[in-house]
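Let's take a walk through this structure together, beginning with the fold of one chain and moving on to its partner and its charged pairs. Keep the 3D view open as you read.

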Amino acid sequence: MKIIRKRRDIHHGDRYFYFLLKGLASGLPLLLFLIAAFLLKASWPTINEFGAAFLFTQDWDPVGEHFGVLAFAFGTIVSSLIAIAIGAPLSIFTALFLTELASSRVAKVAGFLVEMLAAIPSVVYGLWGIFVLAPILRIHVEPFLGKTLGFLPLFQGPPYGVGMLAAGIVLAIMIIPTITSVSREVFRSVPQSYREAAMALGATRWEVMRIAVLKTGSTGILGAVILGLGRALGETMAVTMVIGNRADISASLFSPAQTMSSVIANEYAEATSATHVAALLEIGLVLFLLTFIVNSLARVFVWRASLGRSAR
Amino acid sequence: MNTTELRETLLDVRNLHASFGGIAALHGISLSVIANSVTAIIGPSGCGKSTFIRCLNRLHEEVPGATTQGEVWLDGQDILSADVDPVTLRRKIGMVFQKPNPFPAMSIYENVVAGLTLAGVRRRSVLNEVVEKTLNLAALWDEVKDKLHHPGSSLSGGQQQRLCIARALAIEPRVLLMDEPTSALDPISTARIEELIGELKREVTIVIVTHNMQQAARISDKTGFFLLGELVEFTDTSVLFTAPKDPRTERYITGRFG
Ligand SMILES: Nc1ncnc2c1ncn2[C@@H]1O[C@H](COP(=O)(O)OP(=O)(O)OP(=O)(O)O)[C@@H](O)[C@H]1O
Ligand SMILES: [Mg+2]
């Protein structure tokens, strides 16, 4: 009798635990929804007042109460794309090296170190950006680029150090751990039999990686890169510290810019008029939607890549 | 092709040893493979059949810690020697694996020409010709000619394996190694591939590992029986299955062990 009672208790415990988990599991998506609803409601005044013009104008004049997100959207998107252009190839080749070439000891240590990059607080990256990276860019890199590639509008204008390029580089380093670790998983899940098939056809080591590993993993790699993009789009602190914070749309990578997250961080404390606050919140809404879409896209790709293989 | 050519030795394996991280898997295998014939390798699981044929295209040495000793002569050259480049060698010795493994991100067409594109062949007209010719050889052309640009993984298991055969044949190897190519397939696909092997030996010399003794008896000219990393008996297939010399062979083919 006693034993049975005991069993029942455990069973009850299970039930409570189940309801707890169920509550949490349904509560978290609800939270997401609530945040979206809050942003929508709080930014309603500017949505109402400016409509679509908010998205397509670059005026940002808190005194005259004209608000448009375009310059900040430009800053966010371009700095993130620079980050991808630099960070994605580095990460993919690092992952390829770690899974295909490195001995398991080296792979373990190097993999750990790369992942530790993700543990460094964002503000530390910002400090490094200001005190190390920006001077190097200003004194060496930007003048050099201006001299050699100055015929391109991308590399024209005075070297400031802080600006779009600095933000892109700092973001690149920050997204390397994400892209590297997801790509490593993708490469590891490529069955050995494809590598052997390529070898048996007379593929060199590099060709094996190209046709058996990279090609087979391409969907997953795309997912990894988009995941990195999602991280870069939302990053605030480090970018705010190194981008120069000027709401310009300039072709030059040397010039200061501002991102959606950095304008919010810079101005929310001193925004006094209701319209200004609403405009900042609407930027938050745009950023939320953008990162939501990008991250969902990434999940779909990573999921499809792993599904495609387990179905075989 | 005359009969003297048919009797010529193409691959001469002499005293081949192989190991995995210090543990020996093959203990001195010697046998000769005759040109344009089918040589079957049989034996119980774990006796070293796969290891043996993976030595012939030097895939064995790609396993970390694996070693090979001995000689394998092809065209007057010891292909195991250090100055033979395995990458070049593997263009002469193709391989088909146990589990069909067409590249999943490539179309049927791209799979067939994968070896050629690696070798630097780019001309569309040449590739088209090879695709049609080798898919015909692999008895797959009629089934796939209207969907050459569909993914290779969209085919059935048996079709995928014939695609892999076509992929291996496209670079015109001298030897085709097959490691239990039908063990993952249904009886009908198996019969098709057996039939195919009979036709292919006009083009290429085949070494096939099989678990299925009836299959070895049906398709091969010579059979080798492996046991615990040793070649117990190697002779004409008809002799091996009717009058084996070694009692261990007899016990195996009558199903009394393994
Ligand atoms: N990657 C490996 N690492 C270590 N030992 C291995 C490895 N592959 C095979 N072996 C060992 O080498 C021996 C021969 O294996 P092999 O795969 O050649 O056998 P097989 O005859 O092909 O068997 P099966 O019929 O099951 O395919 C076995 O004892 C096996 O345990
Ligand atoms: Mg085997």
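Chain B of this predicted model is built from eleven helices and ten strands. Its radius of gyration is 18 Å, close to the 18 Å that the globule rule gives for 258 residues, so chain B is as compact as a globular protein of that length. If you draw a box along the principal axes, the C-alpha atoms of chain B fill roughly 55 × 40 × 40 Å. Of the 258 residues in chain B, 54% are buried. Sequence-distant contacts matter for the count here: among contacts in chain B with a separation of 6 or more, 68% are between residues 24 or more positions apart.

Now bring chain A into view. The contact between the two chains draws on 26 residues from chain B and 18 residues from chain A. Together the chains bury about 1,900 Å², and 65% of that area is on carbon and sulfur atoms. Which three residues supply more of the area that chain B buries against chain A than any other three? They are B:Phe103, B:Pro104 and B:Leu118, with 30% of that area.

There is polar pairing across the interface too. Three residue pairs are in polar contact between chain B and chain A, counting pairs with both residues at pLDDT 80 or more. In chain B, helix 3 (86-92), strand 6 (93-96), helix 4 (108-118) and helix 7 (157-169) each supply at least two residues of the side that touches chain A. Helix 4 of chain B gives the most to that side, with four residues. Sorted by class, the side of chain B that touches chain A has 15 nonpolar, five polar and six charged residues. The rule finds one salt bridge across this interface. Its partners are the side chains of B:Arg54 and A:Glu196, which meet at 2.8 Å, N to O.

Let's widen the view to charged pairs elsewhere. Side chains of opposite charge can pair when their charged atoms come close. Over all chains, a search of the whole structure finds 16 salt bridges.

A good place to stop is B:Arg58, in the loop between helix 2 (49-56) and strand 4 (66-74) of chain B. Although B:Arg58 is not a glycine, it has a positive phi of about 60 degrees. Is B:Arg58 buried or exposed? With a relative accessibility of 7%, below the 20% cut-off, B:Arg58 counts as buried. The side chain of B:Arg58 meets that of B:Glu61 in a salt bridge at 2.9 Å, N to O. The partner, B:Glu61, counts as partly exposed at 31% relative accessibility.

The side chains of B:Glu62 and B:Arg90 also form a salt bridge, at 2.9 Å, N to O. This pair links distant parts of the chain, for B:Glu62 is in the loop between helix 2 and strand 4 of chain B and B:Arg90 is in helix 3 of chain B, 28 residues apart. The two ends have their own surroundings: B:Glu62 is partly exposed at 40% relative accessibility, while B:Arg90 is buried at 1%.

Next, look for B:Arg174 and B:Asp75, a salt bridge whose closest N and O atoms are 2.6 Å apart. B:Arg174 lies in the loop between helix 7 and strand 7 (175-179) of chain B, and B:Asp75 in the loop between strand 4 and strand 5 (77-78) of chain B, so the pair ties together parts that are 99 residues apart in sequence. B:Arg174 is partly exposed, with a relative accessible area of 35%, and B:Asp75 is partly exposed at 43%. Elsewhere, B:Asp12, B:Arg14 and B:Glu71 are joined into one network by salt bridges that share partners.

Two more residues deserve a visit. B:Gln215 is in helix 9 (residues 213-219) of chain B, and at 2% relative accessibility it counts as buried. The side chain of B:Gln215 makes a polar contact with that of B:Thr210 at 2.8 Å. Leaving aside neighbours within four places in sequence, B:Gln215 is in contact with B:Thr182, B:Thr190, B:Glu194 and B:Thr210.

Finally, turn to chain A and find A:Glu65, in the loop between strand 1 (60-61) and strand 2 (66-67) of that chain. A:Glu65 has a positive phi of about 55 degrees although it is not a glycine. At 28% relative accessibility, A:Glu65 counts as partly exposed.

Key:
Residues are numbered from 1 along each chain as its sequence is written. Chains are lettered from A and ligands numbered from 1 in the order in which they are written. This is a predicted model: local features need pLDDT of at least 70, side-chain atom pairs count only at pLDDT 80 or more; totals for chains, interfaces and linings use all residues. Side-chain values use heavy atoms; hydrogens and water are left out. Contact means heavy atoms within 4.5 Å. Buried area is the accessible area (1.4 Å probe) that two parts lose on being put together, summed over both. A salt bridge is a side-chain nitrogen of Lys or Arg within 4 Å of a carboxyl oxygen of Asp or Glu. A polar contact is a pair of N or O atoms within 3.5 Å; within protein, one must be able to donate a hydrogen and the other to accept it, and residues adjacent in sequence count only if both atoms are side-chain atoms. Ala, Val, Leu, Ile, Met, Phe, Trp, Tyr, Cys and Pro count as nonpolar, Asp, Glu, Lys and Arg as charged, and the others, Gly among them, as polar. The radius of gyration is taken over C-alpha atoms; the globule rule is 2.2 Å times the number of residues to the power 0.38. Buried means under 20% relative accessible area, exposed over 50%, partly exposed in between (1.4 Å probe, protein chains only).
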